[in-house]
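Let's take a walk through this structure together, starting with a bit of its surface and working outward to the whole chain. Keep the viewer open as you read.

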Amino acid sequence: MYQKYKNAELVKPSGIDLKDRLVGVQRVTKVTKGGRAFGFSAIVVVGDEAGVVGHGLGKSKDVATAIAKAVEDAKKNLVRIPIIKGTLPHEQKGKFGGARVNIIPAAPGTGVIAGGAVRTVLEAVGIHDVLSKSQGSSNPHNVVKATFDALLQLRDAKAIAKDRGISLEKVFNG
């Protein structure tokens, strides 16, 4: 799922205290010759609030099992996100489908300035100070995936130093 991100570190769910957050539940309808068949799809974000996060989609005839399936799916897609002092290492844009998300690091005490699905993802990651702007589609599925696109592109100074083959000091001082 995250093959296009070279610095995406996949995490196993064992031994991590994960909290799940419901982003949205949709009632979906399938029209058959016997009438309408109703079902539910749920999108969930799970995270340990310390840099590990994943998202999942579950579908079922009733809400509770759809959410349970979504949580199981989310636990299969956990990744580690670099966090520096409760905020992001740098500004980043992400997009998926028609949704575009811009996340910007903020000074301590700012809080999570984000709406809807973006807020849910950022809080699950454990980011406490961030500014964000969501543009384009407000479809929660695409907004969550666009936020993940932005988060997975983040790199901390250690990763940049390793990629360039230089010391950490040289990254900052040239």
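Before we look at the surface, one term: a patch here is built from residues with over 30% relative accessible area and no salt bridge, and nonpolar side chains are joined into one within 5 Å. Also keep in mind that this is a predicted model.

With that in hand, find L22, V25 and V63, which together make a nonpolar surface patch of about 200 Å². V25 is a handy place to start, since it lies in strand β2, residues 19-32. Is V25 buried, partly exposed or exposed? Its relative accessibility is 33%, so V25 counts as partly exposed. That value also fits the patch rule, which asks for over 30%.

Now follow β2 into its sheet. The sheet is open and has five strands in the order β1-β5-β4-β3-β2, with antiparallel pairing. Which strands stand at the edges? They are β1 (9-10) and β2, and each has a single partner strand, so one side of each is left without a neighbour in the sheet. As a reminder, strands of a sheet pair through backbone hydrogen bonds, either parallel or antiparallel. For β2, the partner to look at is β3, residues 35-47: the two run antiparallel and are joined by 13 bridges. If you want one of the pairs to click on, try V28, whose bridge partner in β3 is G39.

There's an annotation to lay over this region too. An unreviewed UniProt entry lists residues 18-81 as "domain: S5 DRBM". Over residues 18-81, the chain is 20% helix and 59% strand, and the C-alpha atoms at the two ends are 15 Å apart.

Next, some backbone torsions to check. Moving on from β3, you come to E49, in the loop between β3 and β4 (52-60). E49 isn't a glycine, yet its phi is positive, near 60°. Its relative accessible area is 32%, which means E49 is partly exposed. Further along is K85, another residue other than glycine with a positive phi, this time near 50°. K85 sits in the loop between β5 (79-80) and β6 (92-96). Here the relative accessible area is 79%, so K85 is exposed.

For a contrast with those loops, jump to helix α2, residues 116-125. Why is α2 described as largely enclosed by the rest of the structure? Because seven of its ten residues are buried. Those buried residues are A117, V118, T120, V121, L122, A124 and V125. Just after α2 comes G126, which takes a positive phi of about 105°.

Finally, zoom out to the whole protein chain. It has five helices and nine strands, and from the N terminus on, the elements run β-β-β-β-α-β-β-β-β-α-β-α-α-α. Taken along the principal axes, the C-alpha atoms fill a box of roughly 70 × 35 × 30 Å. Of the 174 residues in the chain, 40% are buried. If you're thinking in contact maps, take the contacts with a separation of 6 or more: 60% of them are between residues 24 or more positions apart. As for the outside, the chain exposes about 9,600 Å², with carbon and sulfur atoms supplying 52% of it. The patch where we began, made by L22, V25 and V63, is about 200 Å².

Conventions: Residues numbered from 1 in each chain as written. Predicted model: local features only at pLDDT ≥ 70, side-chain atom pairs only at ≥ 80, totals over all residues. Heavy atoms only, no water. Patch = residues over 30% accessible without salt bridge, like charges linked within 9 Å, V, L, I, M, F, W, Y side chains within 5 Å. Areas by Shrake-Rupley, 256 points an atom, 1.4 Å probe, with all protein chains shown as cover. Salt bridge = Lys/Arg side-chain N within 4 Å of Asp/Glu carboxyl O. Helix = DSSP H or I, 4+ residues; strand = E, 2+ residues; numbered from the N terminus. Buried < 20%, exposed > 50% of the residue type's maximum accessible area, 1.4 Å probe, protein only. UniProt positions renumbered as here; feature names shortened; annotations may be inferred. Pairing = 2+ DSSP bridges. Contact = heavy atoms within 4.5 Å.
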